[in-house]
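User: Please take a close look at the main core of this model and walk me through what packs around it. I would like one connected account rather than a list.

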Amino acid sequence: QVQLVESGGGLVQAGGSLKLSCAASGNIRSINAMRWYRQAPGKQRELVAGISNIDFTSYADSVKDRFTISRDNAKNTVYLQMNSLKSEDTAVYYCYADVLGPSLWDRGDYWGQGTQVTVSS
């Protein structure tokens, strides 16, 4: 089994910064894509940023040039540096990982429990 644990959420003023972390643990041989999603009240979950196992990154238009996704493969951890935060960034942020387990056929999608980010205007 694999667990993803997020940290780093909180309350910040508009224009401020936060850095989210998500650490994966358990029966992990390697991790392919890692992503951050978010869900605001009354809205659908949306993809914020993704990073491949060779550090190819992609971002939602709404966060380009403000957010940076990175990963530390030795620690099975993905980060999301969020700068110039806006009130519309307020949401629960979830991490996702495409994990390869010990056997060749062992592959699964895993999600963290979510961390609240609140940006006050």
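Analyst: What follows starts at the core, moves through the sheet, and ends with the rings and two more residues.

A word on the ground rules: this is a predicted model, so local features need pLDDT of at least 70 and side-chain atom pairs count only at pLDDT 80 or more, while totals for chains, interfaces and linings use all residues. Residues are numbered from 1 along each chain as its sequence is written, and side-chain values use heavy atoms, with hydrogens and water left out.

The largest nonpolar core holds 30 residues. Such a core is a set of buried Ala, Val, Leu, Ile, Met, Phe, Trp, Tyr and Cys residues joined through side-chain atoms within 4.5 Å; buried means under 20% relative accessible area, exposed over 50% and partly exposed in between, with a 1.4 Å probe and protein chains only. Trp36, Val48, Phe67, Val78, Leu80, Met82 and Tyr93 have the most contacts inside this core. Two or more residues come from each of β1 (2-7), β3 (18-26), β4 (30-39), β5 (46-51), β7 (67-72), β8 (77-82), β9 (91-100) and β11 (115-120). The biggest contributor is β9, with five residues. (Strands are DSSP runs of E, at least two residues, and helices are runs of H or I, at least four, numbered from the N terminus.) As background, nonpolar side chains tend to be buried together in soluble globular proteins.

Val78 is a good place to stand and look around. Leaving out residues up to four places away in sequence, Val78 touches Leu20, Ser21, Cys22, Met34, Trp36, Ile51, Ile69, Ser70, Arg71 and Cys95, a contact being heavy atoms within 4.5 Å.

Now to the sheet. β1, β3, β8 and β7 form an open sheet in that order, paired antiparallel; strands pair if DSSP finds at least two bridges between them. The edges belong to β1 and β7, and because each has a single partner strand, one side of each is left without a neighbour in the sheet. Inside the sheet, β3 and β8 are joined antiparallel over six bridges. Across β8, Met82 faces Leu18 and Leu80 faces Leu20. On the β7 side, six bridges again hold an antiparallel pair, β7 with β8, and there Thr68 has Gln81 of β8 as its bridge partner. The hairpin of β7 and β8 has four residues between the strands, and Asn76 takes a positive phi near 50° in it. Five of the six residues of β8 are buried, so this strand is mostly covered.

β4 and β9 give residues to the core, and they also carry an aromatic pair. Three aromatic pairs turn up in the whole structure; rings of Phe, Tyr and Trp (its six-membered ring) pair if their centres lie within 6.5 Å, with planes under 30 degrees apart called stacked, over 60 edge-to-face and the rest tilted. Tyr37 and Tyr96 make an edge-to-face pair, 6.4 Å centre to centre with 80° between the planes. Because Tyr37 lies in β4 and Tyr96 in β9, the pair ties together parts 59 residues apart in sequence. Both Tyr37 and Tyr96 are buried, Tyr37 at 15% relative accessibility. Tyr37 also pairs with Trp111: the centres are 4.9 Å apart and the planes at 50°, so this pair is tilted. Trp111 sits in β10 (residues 107-111), so the link to Tyr37 in β4 spans 74 residues of sequence. Unlike a buried ring, Trp111 is partly exposed, at 38%. Ring pairs thus link Tyr37, Tyr96 and Trp111 into a cluster.

Arg45 meets one ring of that cluster: its charged end sits over Trp111, 4.9 Å from the ring centre. Arg45 also lies over the face of Tyr94, at 3.8 Å from the centre. A charge counts as over a ring if NZ of Lys or CZ of Arg is within 6 Å of the ring centre and within 35 degrees of the ring normal.

Two more residues of β4 and β9 complete the tour. Asn32, in β4, is buried at 17% relative accessible area. Beyond its neighbours within four places in sequence, Asn32 contacts Ile51, Ser52, Asn53, Arg71, Asp98, Leu100 and Arg107. Val99, in β9, is buried at 2%. The partners of Val99, with residues up to four places away left out, include Val2, Ile31, Arg107 and Tyr110. The C-alpha atoms of Val99 and Arg29 are separated by 7.6 Å, although the two are 70 residues apart along the chain.
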